[in-house]
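Q: Could you take me through one part of this protein up close? I'd like a walk around a single stretch, with enough of the surroundings to place it.

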Amino acid sequence: MKTTWSWILLSALLLILGSPVISSRVLELSDRFIDVRHEGQWLVMFYAPWCGYCKKTEPIFALVAQALHATNVRVGRLDCTKYPAAAREFKVRVYPTIMFIKGNMEYSYSGDRSKDELVDYALRMSGPPVQLVTRTESVDMLKGSHTIFFMFVGQQEGVVWDTYYAAAEGYQEHGFFYATSEDVAAQHFDFEKLPAVIVYKEEQHHFYPHGHIAHEMDPLEVNETIFQWVNVERFVLFPKITRFNIHQLLKTKKYLVLAVVQEDKLQQIASHELEFRDMVEGVIRKHRPRYHDQFQFGWIGEPSIAHSIILDQLPTPHLIAINSTTQHHYIPDDDPMQMTPQALHLFLESISNESATAYGGDTYFVRLNRALFEVRRSLKDMWQGNPVLTTVIFGLPLGFLSLIMYSIFCGDCLVTEEESEEEGHEKKE
């Protein structure tokens with residue numbers, strides 16, 4: 001009897017929401033989702049059937065739904081062309097738009113559209129900003145499952161704790177935040193005084209430098225330094241840069257030093273380009289104390305991102321540096337294939353002492369050029385992706401415009417010819 005009622009309840013829920021997408025656990029939502037959005041927590045993709053990016057995201061989203069099946073997060077998708085009222089309700093402007101929805105709160109996802117990133121995002125958003133860790137073996141599990149996370153150690157009171165919790169609320173979309181006691185943390189981290197704020201990433205841990213003297217500092221200074229420290233430390237040492245995360249990296253206010261290589265469709269990199277990328281990565285890993293405060297290193301596998309920065313084509317492999325405050329960029333004079341770690345040190349030093357030649361910036365003229373460059377790039381991508389659709393989209397309006405222009409100008413010509421003929425007849429008469 002219980003089993004029968006379970007099936008009845010499940011069937012009723014599916015009638016309200018829609019039906020599962022074939023061979024996946026993604027629920028197909030309708031306008032009725034507006035009424036049931038408050039029931040539980042949701043990860044929803046708002047899409048349009050004609051959107052190429054949506055089609056690329058669909059199989060990834062199916063894997064996300066499978067991974068989150070045992071959690072309290074429901075995964076669904078909503079066709080905005082079929083249900084425009086829902087699109088207006090959630091203020092959808094671009095496709096696809098991925099949102100995490102719980103209660104009255106809506107959070108638009110702006111990270112990479114990969115399974116792991118989306119699953120981590122949903123798990124972070126489904127819990128409290130700071131999760132408590134009470135067992136020492138739980139820390140081992142966190143180290144094994146997270147590339148990076150933050151940990152508060154000590155009594156959960158005072159200005160450091162309050163600011164840490166506020167930073168966790170502000171950066172919950174971007175990182176995992178935990179808190180534990182001195183006894184549990186002592187089994188995993190070396191610290192002398194409490195409270196301590198720790199970031200663990202890539203099998204190493206680093207401390208917020210002012211934790212033990214925060215009681216001597218002005219509360220506003222504590223607030224500013226903790227937020228700034230979290231903002232900078234929430235990235236790994238050498239991340240992959242994409243169109244989705246580059247804007248977050250620019251918020252560090254550091255110089256971004258990026259190795260530009262070309263990935264193929266299988267995400268493979270040519271051996272000579274891989275050697276160049278590894279050389280750049282080796283510099284920051286060996287000299288982190290020297291460069292970490294001023295530079296954020298990373299690599300790009302899609303050269304078009306670099307093209308958008310310098311507004312020109314760039315051969316691969318190559319190296320560019322970006323001033324995240326002024327938007328200026330720097331390109332070394334050395335041939336990338338001949339660049340050595342020593343040459344890279346000299347390049348970074350020239351940026352640091354402001355002797356390197358700066359290009360670009362954030363002037364009105366540069367922004368206008370960048371907008372025009374992006375339009376040309378988008379049109380090129382549309383043509384390469386679907387030339388027939390591109391022809392229809394732009395050909396029909398141009399055809400109508402041509403007819404209108406013809407009727408305006410050629411219509412006058414015909415009238416003039418008729419009038420001339422009439423005048424000719426009158427003269428003959």
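**A close look around helix 11**

A: Of the protein's 429 residues, 42% count as buried. Keep in mind that this is a predicted model. The chain has 16 helices and 16 strands, and 69% of the contacts with a separation of 6 or more are between residues 24 or more positions apart.

Let's start in the loop that leads to helix 11. Glu-263 sits there, between strand 12 (255–260) and helix 11 (271–286). Is Glu-263 buried or exposed? Its relative accessible area is 15%, and since the cut-off for buried is under 20%, Glu-263 is buried. Its side chain isn't without a polar partner: a polar contact of 2.7 Å joins it to the side chain of Lys-240. Leaving out residues up to four places away in sequence, Glu-263 touches Lys-240, Gln-268, Ile-269, Trp-299 and Gly-301. Trp-299, one of those, belongs to strand 13 (295–300).

Now on to helix 11 itself. It runs for 16 residues and spans 22 Å from first C-alpha to last, close to the 22 Å expected at 1.5 Å a residue. Its buried residues are Glu-273, Phe-276, Arg-277, Met-279, Val-280, Glu-281, Val-283 and Ile-284. For reading a list like that, it helps to recall that an α-helix has 3.6 residues a turn, so residues three or four places apart point the same way. What covers the buried residues of helix 11? The cover includes strand 12, helix 12 (288–291), strand 13, strand 14 (318–323) and helix 14 (341–352).

Helix 14 deserves a quick stop too. Ser-350 lies in it and, at 16% relative accessibility, counts as buried. The side chain of Ser-350 reaches back to the backbone oxygen of Phe-347 at 2.6 Å. Setting aside neighbours within four places in sequence, Ser-350 is in contact with Ser-355 and Ala-356.

One more piece of the surroundings, this time a helix pair elsewhere in the chain. The axes of helix 7 (residues 158–170) and helix 9 (residues 219–233) come within 9 Å and cross at roughly 40°. That angle makes helix 7 and helix 9 oblique to each other, and their crossing is right-handed. On the helix 7 side the contact is made by Val-159, Val-160, Thr-163, Tyr-164, Ala-166 and Ala-167, while helix 9 brings Pro-219, Val-222, Asn-223, Ile-226, Phe-227 and Val-230.

Key: Residues are numbered from 1 along each chain as its sequence is written. This is a predicted model: local features need pLDDT of at least 70, side-chain atom pairs count only at pLDDT 80 or more; totals for chains, interfaces and linings use all residues. Side-chain values use heavy atoms; hydrogens and water are left out. Helices (H or I, at least four residues) and strands (E, at least two) are DSSP runs, numbered from the N terminus. Buried means under 20% relative accessible area, exposed over 50%, partly exposed in between (1.4 Å probe, protein chains only). A polar contact is a pair of N or O atoms within 3.5 Å; within protein, one must be able to donate a hydrogen and the other to accept it, and residues adjacent in sequence count only if both atoms are side-chain atoms. Contact means heavy atoms within 4.5 Å. The expected span of a helix is 1.5 Å times one less than its number of residues. Axes are lines fitted to C-alpha atoms, for helices over the stretch in contact, and angles run from 0 to 180 degrees between N-to-C directions. Angles under 35 degrees count as roughly parallel, over 145 as roughly antiparallel, 65 to 115 as roughly perpendicular and the rest as oblique. A crossing is left-handed if the near helix is turned anticlockwise from the far one by less than a right angle, and right-handed if clockwise.
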